[in-house]
Structure formats: C-alpha cells, structure tokens
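Please find below a note on the enclosed structure, prepared for a computational reading. The comments concern enclosed space and the contact with nucleic acid.

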Amino acid sequence: MFKIATWNVNSLRVRLEQVLEWLAHSKADVLALQETKLTDENFPKDIFLEQGYQVAFIGQKTYNGVCIISKHPLAEVVTEVPGYQDEARRVIAATIADLRLINLYVPNGSALGTDKYAYKLRWLAAIEAFIKNQLAVYPKLAVVGDFNIAPEAIDVHAPEEWEDTVLFCEEMRRAFDRLKALGLVDSFRLMPRSDEQQQYSWWDYRQGSFRRNRGLRIDHILLSHGLSKSCLSADVDINPRKSAQPSDHAPVFVCLDDAFDK
DNA sequence: ATGGTGGTCTTACCA
C-alpha cells in the first residue's frame with residue numbers, strides 16, 4: 001500500500017510536533033503541506049531527515065509556503081509554474097518513484113469582485129495550463145492541496161449560506177471542473193458514499209465551527225486515470241482537528257495499491 | 001450582530 005496525504009498546517013513552526021506524530025501514526029509515504037509560513041533557512045529540514053524522510057520545500061516569511069515530505073527519494077523538484085510570475089510560494093512538484101505529485105496552495109480569494117479574487121482566477125488559469133503540460137509528461141499524476149474550493153453542495157455544511165462566496169460559487173465550481181476535465185478525478189468521490197457521509201476538511205476557527213461540524217471540503221487529492229484505477233480508499237482524518245492548538249484544516253489522504261508504480 | 005479565532009519578526013494583515 002502507498003499512502004499520499006495533504007494537510008494545510010497553518011504554520012509548520014506551531015504544528016511541527018503534530019505533523020511528526022501524524023506521519024508516524026498514519027504511516028503516510030508522502031505528505032504535502034501548505035501554509036508552512038517558514039522561510040527556507042528556517043525550515044526544520046534536519047528534523048525530517050533524522051526521522052528518515054526526504055523533504056522538498058519552498059517558503060517565505062509570514063505567508064504561504066509549501067513542502068513535500070516523503071519516505072522515498074524525491075526527484076525533478078519544481079517550485080514555480082513555468083511562465084507565471086508569482087511572489088507567493090504556493091506550488092511545489094516532485095517525482096516519487098513513478099508518481100508525479102503537484103502540491104498546491106490555491107489563493108483564498110478573500111471576496112467576490114476583489115483584486116484577490118481576480119488573482120485567484122488568474123492563478124487557477126496558470127495552474128490549469130501547468131497541470132495539462134504535466135499530465136502529458138507524467139501519466140501517473142496526483143494533484144493535491146488546499147484548493148480553497150468546495151466542489152459540490154454536499155461538500156458544504158450549509159450550501160445556501162455559502163453560495164456565492166469565494167469558496168463555493170459557480171465560477172469556482174467551473175474552475176474545479178476544468179481541472180477534472182484535463183483528466184483527473186476527485187479521489188474522495190471515487191469511493192461510493194451516501195448523503196449521510198458528508199465529510200469536511202476545514203472548519204473556521206471562529207464560532208465553534210468544528211464543534212458544530214460547520215465545515216467545508218476544500219482540500220483535495222485529484223488523481224489521473226493512470227493512478228485512479230489503483231485507488232483503494234480516500235478519506236479525511238479529523239482527529240488532528242480535535243487536538244489542542246489544531247490547524248483549521250484536517251489531513252486528507254488516499255491509499256493506492258502496491259501495483260500503482262508497475 | 002460586518003462580530004467571532006488564530007497565526008504572523010503583530011497593534012495590520014491574512015485566512
């Protein structure tokens with residue numbers, strides 16, 4: 001079994017012990033993190049190396065920052081989208097055995113009609129072109145991360161309250177569908193689930209959202225068809241969200257069968 | 001109720 005996970009940790013400095021504990025407990029082979037909020041010189045590289053992991057990271061002060069932690073060698077690391085200038089460190093891609101992994105921290109977008117929302121749209125258009133190119137080179141592609149998009153009403157605790165917000169609106173649903181149309185499937189929806197099995201990956205820190213399970217599923221693992229046939233399970237581990245001093249996001253993961261890289 | 005919480009070289013900003 002090969003386990004791939006993604007987690008927006010909202011500061012790796014604060015969440016380092018939780019990440020190490022989750023890695024050990026989950027036995028994930030690959031963990032992609034977003035919002036590390038660390039410059040590269042402050043990244044705790046040695047701690048991961050001592051624990052037997054390889055790491056690739058790109059960060060900045062205060063905001064953004066992404067990394068890939070892996071039990072297996074990382075190769076062909078890319079930390080920006082070719083042809084798209086962006087000071088924000090939101091993308092890192094690497095090859096692990098036969099798997100190509102793209103880790104994304106999609107802009108939040110603030111509010112519809114703002115400059116930040118326009119940036120989210122431009123950023124997603126650039127990523128769409130990048131993914132299209134990567135798919136042509138790497139048939140076994142996983143695109144993971146904090147997408148800041150809830151794809152369907154079932155992914156939102158109160159869709160009528162969230163409709164026409166940056167996380168859940170027609171334009172973002174279309175952007176998500178365009179990514180899937182490149183040849184990717186939402187691993188979570190690959191598995192049969194009933195309406196009662198709503199599952200979220202993010203709950204606002206405010207207003208006791210987690211306690212009331214007022215969440216959204218905005219963290220995703222998209223798999224190319226070359227990988228989706230090897231997908232055994234897809235789920236969210238909400239346990240870290242219950243811990244003291246939690247991230248506002250929970251880890252999302254998939255398990256692939258061992259034959260995926262054959 | 002334009003609030004609420006948490007993170008950041010904090011007293012403003014981002015999510």
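The points below take the cavities first and DNA strand B afterwards.

1. Status of the coordinates. The model is predicted. The values quoted in this note should be read accordingly, as quantities computed from a predicted model.

2. Cavities in the structure. How many cavities of 30 Å³ or more does a search of the whole structure find? The search returns two. The largest has a volume of about 100 Å³, and the second largest holds about 40 Å³ of space.

3. Lining of the largest cavity. The residues that line this cavity are Thr-79, Glu-80, Val-81, Tyr-84, Asp-86, Ala-88, Arg-89, Arg-90, Val-91 and Trp-123. By class, five of the lining residues are nonpolar, four are charged and one is polar.

4. Lining of the second largest cavity. Here the lining consists of Asp-186, Ser-187, Phe-188, Arg-217, Asp-219, His-220, Ile-221, Ala-234, Asp-235, Val-252 and Phe-253. Two or more residues each are supplied by helix H6 (187-190) and by the strands E12 (219-224), E13 (231-236) and E14 (252-256). Of the contributing elements, E12 gives the most, with three residues. The class composition of this lining is five nonpolar, four charged and two polar residues.

5. Surroundings of DNA strand B. There are 17 residues around this strand, of which Ser-11, Arg-15, Lys-116, Arg-206 and Gln-207 come nearest. Helix H1 (residues 12-26) provides the largest share of the surface near DNA strand B, namely three residues. That surface divides into seven charged, six polar and four nonpolar residues.

6. Backbone and bases of DNA strand B. Which parts of the strand supply the atoms within 4 Å of the protein? Sugar or phosphate accounts for 73% of these atoms, and bases account for the rest.

7. Individual polar distances. Two side chains can be listed against phosphate oxygens of DNA strand B. An N or O atom in the side chain of Arg-15 is 3.0 Å from a phosphate oxygen, and for the side chain of Thr-62 the corresponding distance is 3.5 Å. On the base side, a polar side-chain atom of Gln-207 lies 3.2 Å from a base nitrogen of DNA strand B. Arg-15 and Gln-207 are also among the residues that come nearest to the strand.

How values were computed:
Residues numbered from 1 in each chain as written. Chains lettered and ligands numbered in written order. Predicted model: local features only at pLDDT ≥ 70, side-chain atom pairs only at ≥ 80, totals over all residues. Heavy atoms only, no water. 1 Å grid on protein atoms, 1.4 Å probe; cavity = no way out; pocket = protein on both sides within 12 Å on 5 of 7 lines; lining within 4 Å. Points joined across faces, edges and corners; volume = space filled by probe spheres on them. Nonpolar A, V, L, I, M, F, W, Y, C, P; charged D, E, K, R; others polar. Helix = DSSP H or I, 4+ residues; strand = E, 2+ residues; numbered from the N terminus. Near = heavy atom within 4 Å. Polar contact = N/O pair within 3.5 Å; in protein donor to acceptor, adjacent residues only side chain to side chain.
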